[in-house]
Amino acid sequence: RSTLFPSTTLFRSIYVMAVVFFAIMGQISLNRSGSHLSMPIFHWACAGCEWLQFSIGGKISSLIFPVLIFWLAGCTWDKELRPRRTGLNMPVLVFAGIALIALIASPYRAISWKTGGRDLLTQVGWFFLLSSLLRREKYRKALLVTLFSALSLVILAGILLYSQGIYFPQTPQRIWTSFGHPNGIGAVLVLLIPFVFVLILSPGSWRIRTGAVLLTILLGTGIYLSFSRTAWVSLLVGLGILTLFRKGKIIFLGSIIILVGLLIWGLNVGPQSYWKQRIKSFATWRSDPNVEKRLIYSGAALRMIQDRPVIGYGPGYGIFMRLYQDKYKKVNTGEFATAPHNYYLSLTLSTGIPGLLAFGWLLFLIFRIALKETHRSDSRFTVGFSQALIAGLAGFLLGSLADDPLLNERISFLFWLLIGLLAATAAEGERSIRST
């Protein structure tokens, strides 16, 4: 049992932290070439020791599989490792079951498995693992510290590349991070900045609050350099929701003033043409070529859903690309269509209307349980975590109306990680109530 073998519990916890660190950092390699979209700053060459080669973090599923198998094996003899009732287990299983059926029935089963089905099922297992292993608050704190440490390194590396004039290859003058397209890091920061903002608004030591301010500035710089209009708006909505729980409205208003000041500063001294294009696009979005293309892709996604509304075509980002090129392309947009730029349309064409409804049920219970924890918990950490999750997830889901962040494996990993932490929190809360 884990109580008799504390070293085993410690090993599992350390491995989980390592998985989170490398999953956020992205591919790190020595004497090996990485993907053309992975950050070059984490790929090193050592003259004279070419024989020494390694690569880690490129495939998240490969990181998760060992600890997942180890945990499943442990569940057979240790009841403490088995998942407990959290309120999220059933909707997660229903959603995963619908996705699995869509995968099996997909006319493009191989593409679906390779480009998303395998990752989704692995990360559902990751959810149950986290909800079982991290019921103790100190483990959840350690995991979040690991997450934000890795994220800080990614943002710092992106800023360093940006200062050298190295941008994401597919877009001009936008930050390059391990999350690929700059819209990806924008979505991630919408989800995570509220967790740091909570530390600023909460009573605590001046060291923690000072560190939170510095981290907010760093992450704010990252979302600023992403030039993601969707992320900017979604973050403000998320922080606005956060103030409903807090009395720190002055700090929130001050952050808005700083953000507006940065935008004005960038418009005057930054890369002029690009800044003016991004800022003015708020007022001229109807004629924005990018918006027109997204409407074309969304229309194609709706036609796909109409042709297969119940069971879908299978999960995975490759499904839309294949369908669009084979059957549903009616307008030549001059680019390779990768997604409809609306996650809810992507989800529906992948898993059918039942999959969308199951995901909606899951989201409803996530917000319900998080809100419940803000009222019943005596832990300042749990209350702050739950409030930040509500705010960050609300902004993230709003942004998903104009993008497909959860088709990105790393962002999906992060989503299931946070939900797993909430489930672990709820499981521990239920246990405390029963013990009293």
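Trainee: Which residue does the side chain of R376 meet in a salt bridge?

Mentor: Good place to start! The partner is E373, with 2.6 Å from N to O. One thing to keep in mind as we go: this is a predicted model. Reading a salt bridge begins with the atoms, where a side-chain nitrogen of Lys or Arg has to lie within 4 Å of a carboxyl oxygen of Asp or Glu. After that, look at where the two residues sit. R376 and E373 both belong to helix α14, three residues apart, which is about one turn of the helix.

Trainee: Are R376 and E373 buried or exposed?

Mentor: For that you need the cut-offs: buried is under 20% relative accessible area, exposed is over 50%, and partly exposed is in between. R376 has 24% relative accessibility, so R376 counts as partly exposed. E373 has a relative accessible area of 3%, so E373 is buried.

Trainee: How many salt bridges does the structure hold?

Mentor: There are three. Another one joins the side chains of R322 and D326, at 2.5 Å from N to O. Both of these residues are in helix α13, residues 317-328, and they are four residues apart, about one turn of the helix. R322 is partly exposed because its relative accessible area is 36%, and D326 is partly exposed because its relative accessibility is 48%.

Trainee: Where do K141 and E137 lie?

Mentor: K141 and E137 are both in helix α6, residues 137-163, again with a spacing of four residues, about one turn of the helix. Their side chains meet in a salt bridge of 3.3 Å, N to O. With 38% relative accessibility, K141 counts as partly exposed; E137, at 26%, counts as partly exposed too.

Trainee: Let me step back to the whole chain. How many helices and strands does the chain have?

Mentor: It has 16 helices and three strands. To read a sheet, ask which strands pair, and in what order. Here, three strands form an open sheet in the order β2-β1-β3, with mixed pairing. The edge strands, β2 (43-44) and β3 (54-56), each pair on one side only.

Trainee: How do β1 and β2 run, and what is the bridge partner of S29?

Mentor: Strand β1, residues 28-30, runs parallel to β2, and two bridges join them. S29 has H43 in β2 as its bridge partner.

Trainee: Now the inside. How many residues has the largest nonpolar core?

Mentor: A core is read as a set of buried nonpolar residues whose side chains touch one another. The largest one has 109 residues, and those with the most contacts inside it are L88, W126, L151, I366 and L417. Helix α7, residues 182-201, gives the most to this core, with 14 residues. Apart from this core lies another, of 15 residues, including Y108, Y297, M304 and I305.

Trainee: Which residues is L151 in contact with?

Mentor: If we leave aside neighbours within four places in sequence, L151 is in contact with I24, F179, I185, V188, L189, L192 and L219. You can also read contacts for the whole chain. Among those between residues at least 6 apart in sequence, 75% join residues at least 24 apart. As for burial, 54% of the 436 residues count as buried.

Trainee: And on the surface, which residues make the nonpolar patch of about 430 Å²?

Mentor: M90, L93, W361 and F364 make it. Helices α3 (89-105) and α14 (343-376) each supply at least two of its residues. M90 is found in α3, and M90 counts as exposed because its relative accessibility is 51%, when exposed means over 50%. The accessible surface of the chain comes to about 20,000 Å², and 66% of that belongs to carbon and sulfur atoms.

Trainee: One last feature, the backbone angle phi. What is phi of F227?

Mentor: Phi of F227 is near 50°, a positive value in a residue other than glycine. F227 sits in the loop between α8 (206-225) and α9 (229-242), and F227 is buried because its relative accessible area is 0%. H341 is not a glycine either, and H341 has a positive phi of about 60°. You can find H341 in the loop between α13 and α14. At 18% relative accessibility, under the 20% cut-off, H341 therefore counts as buried.

Notes: Residues are numbered from 1 along each chain as its sequence is written. This is a predicted model: local features need pLDDT of at least 70, side-chain atom pairs count only at pLDDT 80 or more; totals for chains, interfaces and linings use all residues. Side-chain values use heavy atoms; hydrogens and water are left out. A nonpolar core is a set of buried Ala, Val, Leu, Ile, Met, Phe, Trp, Tyr and Cys residues joined through side-chain atoms within 4.5 Å. Buried means under 20% relative accessible area, exposed over 50%, partly exposed in between (1.4 Å probe, protein chains only). Contact means heavy atoms within 4.5 Å. Patches are made of residues with over 30% relative accessible area and no salt bridge: like charges are joined within 9 Å, nonpolar side chains (Val, Leu, Ile, Met, Phe, Trp, Tyr) within 5 Å. Accessible areas come from the Shrake-Rupley method with a 1.4 Å probe; for residues, only the protein chains shown count as cover. Two strands pair if DSSP finds at least two bridges between them.
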